[in-house]
2 protein chains.
Amino acid sequence: MAIQPIIFYDIPSKAPGVAWSPNTWRIRYAFNYKGLPYKTEWVEYPDIKELYMRLEIGPCQILKSGKPYYCLPVIHNPNTGATISDSARIADYLDSTYPDTPTVVPAGTHTLQKTFCVAYDSVMEPLRPYIIPAITTILRPTSEEYYVRMREASFGKKLPDLVPNGDGHAVAWMAVQDGFGKIDKWMTESGGVPGPFVMGEVLSFADFAIAGKLQWYKKGFGENSDLWKDVMAWHGGRWAKLLDDLNRFEGSSEEMRD
Amino acid sequence: MAIQPIIFYDIPSKAPGVAWSPNTWRIRYAFNYKGLPYKTEWVEYPDIKELYMRLEIGPCQILKSGKPYYCLPVIHNPNTGATISDSARIADYLDSTYPDTPTVVPAGTHTLQKTFCVAYDSVMEPLRPYIIPAITTILRPTSEEYYVRMREASFGKKLPDLVPNGDGHAVAWMAVQDGFGKIDKWMTESGGVPGPFVMGEVLSFADFAIAGKLQWYKKGFGENSDLWKDVMAWHGGRWAKLLDDLNRFEGSSEEMRD
């Protein structure tokens with residue numbers, strides 16, 4: 001029986017049909033890896049909360065402050081009626097609902113896949129002052145205004161003031177390279193799993209998480225920027241190769257399959 | 001054919017036969033979980049480098065400064081002649097050398113198990129100012145002198161000055177509880193793997209890593225301390241239960257089996 005396209009809520013950019021959000025990219029890759037039909041609905045930042053209300057689901061997270069947090073990706077599956085938020089939960093849902101498609105979260109690794117993302121973020125902290133301001137340039141006005149206001153409140157400073165410059169840039173950018181170096185080492189040092197991906201020869205959620213971050217940097221910095229060219233050259237070009245390997249799972253603007 | 005005991009190098013404490021180091025505990029648990037015979041050789045901190053020279057193995061790590069780093073655990077297997085450093089590499093070695101014993105690092109999870117430890121350390125950072133000074137009290141004089149000198153150089157302050165006190169303690173200790181709360185959430189929140197352990201019903205390296213940290217805190221703070229009692233009570237007693245579940249893999253002072 002044909003599967004009706006699963007509705008996939010993502011955040012738009014100025015360029016029509018161009019996805020950029022690292023967390024939604026995980027699920028975009030997952031849909032294409034699994035060969036599941038899906039249809040993107042683009043939702044601007046200030047409209048995400050309203051989407052949750054309309055879909056009648058609880059917040060994807062309760063912050064330490066006690067405030068509810070509403071974020072994408074969210075999916076709605078018209079075949080089952082299920083609505084799910086949070087990329088790790090969505091990946092699990094797709095695995096268990098469509099067991100005949102390639103597995104994104106191999107059995108028993110749910111917690112380990114999630115903590116891979118925590119470890120990634122902990123070593124890639126130095127990239128945040130570069131990417132957070134950069135991404136504003138590709139958002140549409142309604143999302144840009146919202147994003148800048150929220151992030152400036154969170155950092156306590158104007159976003160352009162976050163970006164390292166002058167001598168500070170050389171040091172800060174080396175820290176970014178070191179961060180990537182740690183991830184490279186996790187995957188290659190003696191005793192590592194043989195194969196190009198986090199779990200070896202087979203793709204999993206963690207690879208989609210890394211590639212999702214790379215998409216974020218690429219869209220934010222621009223393909224012709226020196227920053228992006230640096231990333232593509234580091235560690236024997238392994239980050240460029242990962243994007244190449246996953247290129248066939250990026251999907252098209254058409255998206256409809258069954 | 002009987003297996004000769006594998007030599008296991010660990011760091012002693014004042015109490016004879018009492019292990020405390022979080023990284024060596026991972027391998028102590030692994031030996032007992034696998035039912036492999038082993039014999040502990042206790043090595044004081046200042047003698048670890050000399051041990052590496054005597055065993056003719058390279059440093060377990062090259063630091064960012066370019067300096068070699070010598071640490072325990074190290075094992076020497078008289079049955080094969082192999083000498084291995086680094087807990088994750090040792091676990092892999094034991095799995096591949098003794099494939100008929102229970103697996104510590106399930107296939108494909110080597111990188112994920114290591115990054116679980118990175119994620120753990122990133123959220124448990126607030127515990128370091130408590131445990132680093134506390135552990136000095138259980139070391140023998142020769143290790144204590146070395147440990148204090150190295151850690152004070154690294155922190156740039158006297159170890160007793162690290163410990164939060166007064167109002168600072170209440171805030172800092174809550175941050176420790178929050179850190180444990182994040183680990184609890186990784187393992188239990190919706191979509192998590194059912195079962196008490198990181199990979200569900202079956203033990204793996206990540207559980208030995210958590211339990212190794214708990215052993216460290218228990219020995220450093222002392223079983224009757226308020227700090228330790230707090231840890232044992234948090235999150236429905238799940239940390240106490242983990243230690244209980246692993247109690248049968250702590251080994252005895254005898255250690256000889258075959």
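Here is a short tour of some helix contacts, salt bridges and one loop residue in this predicted model.

Before you click, note that residues are numbered from 1 along each chain as its sequence is written, and that chains are lettered from A and ligands numbered from 1 in the order in which they are written. Because the model is predicted, local features need pLDDT of at least 70 and side-chain atom pairs count only at pLDDT 80 or more, while totals for chains, interfaces and linings use all residues; side-chain values use heavy atoms, with hydrogens and water left out.

**Stop 1: where the chains meet**

Select residues 110-123 in chain A and in chain B; that is helix 4 in each. (Helices are DSSP runs of H or I with at least four residues, strands are runs of E with at least two, and both are numbered from the N terminus.) The two axes come within 8 Å and cross at roughly 55 degrees. Axes here are lines fitted to C-alpha atoms, for helices over the stretch in contact, and angles run from 0 to 180 degrees between N-to-C directions. The two copies of helix 4 are therefore oblique to each other; under 35 degrees counts as roughly parallel, over 145 as roughly antiparallel, 65 to 115 as roughly perpendicular, and the rest as oblique.

Now show side chains. Among those in contact (heavy atoms within 4.5 Å) are Leu112(A), Phe116(A) and Ser122(A) from chain A, meeting a set that includes Leu112(B), Phe116(B) and Ser122(B) from chain B. By class, this contact has 8 nonpolar, 8 polar and no charged residues. (Ala, Val, Leu, Ile, Met, Phe, Trp, Tyr, Cys and Pro count as nonpolar, Asp, Glu, Lys and Arg as charged, and the others, Gly among them, as polar.)

**Stop 2: three salt bridges**

Side chains of opposite charge can pair when their charged atoms come close. A salt bridge here is a side-chain nitrogen of Lys or Arg within 4 Å of a carboxyl oxygen of Asp or Glu, and the whole structure has 18 of them over all chains.

Pick Asp10(A) and Arg28(A): their closest N and O atoms are 2.9 Å apart. Asp10(A) sits in strand 1 and Arg28(A) in helix 1, 18 residues apart. Asp10(A), at 0% relative accessibility, counts as buried, and so does Arg28(A) at 4%. (Buried means under 20% relative accessible area, exposed over 50%, partly exposed in between, with a 1.4 Å probe and protein chains only.)

Next, try Glu44(A) and Arg140(A), which pair at 3.3 Å, N to O. Both lie in loops, so the pair ties together parts that are 96 residues apart in sequence. Glu44(A) is buried at 10%, whereas Arg140(A) is partly exposed at 32%.

Then go back to helix 4 of chain A and find Asp121(A), which links to Lys213(A) in helix 8, 92 residues apart. Their closest N and O atoms are 2.9 Å apart.

**Stop 3: helices 7 and 8**

Stay in chain A and select helix 7 (residues 167-188) along with helix 8; they pack at about 155 degrees with axes 14 Å apart. That makes them roughly antiparallel to each other. Trp173(A) and Phe180(A) are among the helix 7 residues in the contact, and Leu214(A) and Tyr217(A) among those of helix 8. This contact has 8 nonpolar, no polar and no charged residues.

**Stop 4: one loop residue**

Finish at Met124(A), in the loop between helix 4 and helix 5 of chain A. Is Met124(A) buried or exposed? At 4% relative accessibility, Met124(A) counts as buried. Leaving aside neighbours within four places in sequence, Met124(A) is in contact with Val176(A), Gly179(A), Phe180(A), Ile183(A) and Tyr217(A).
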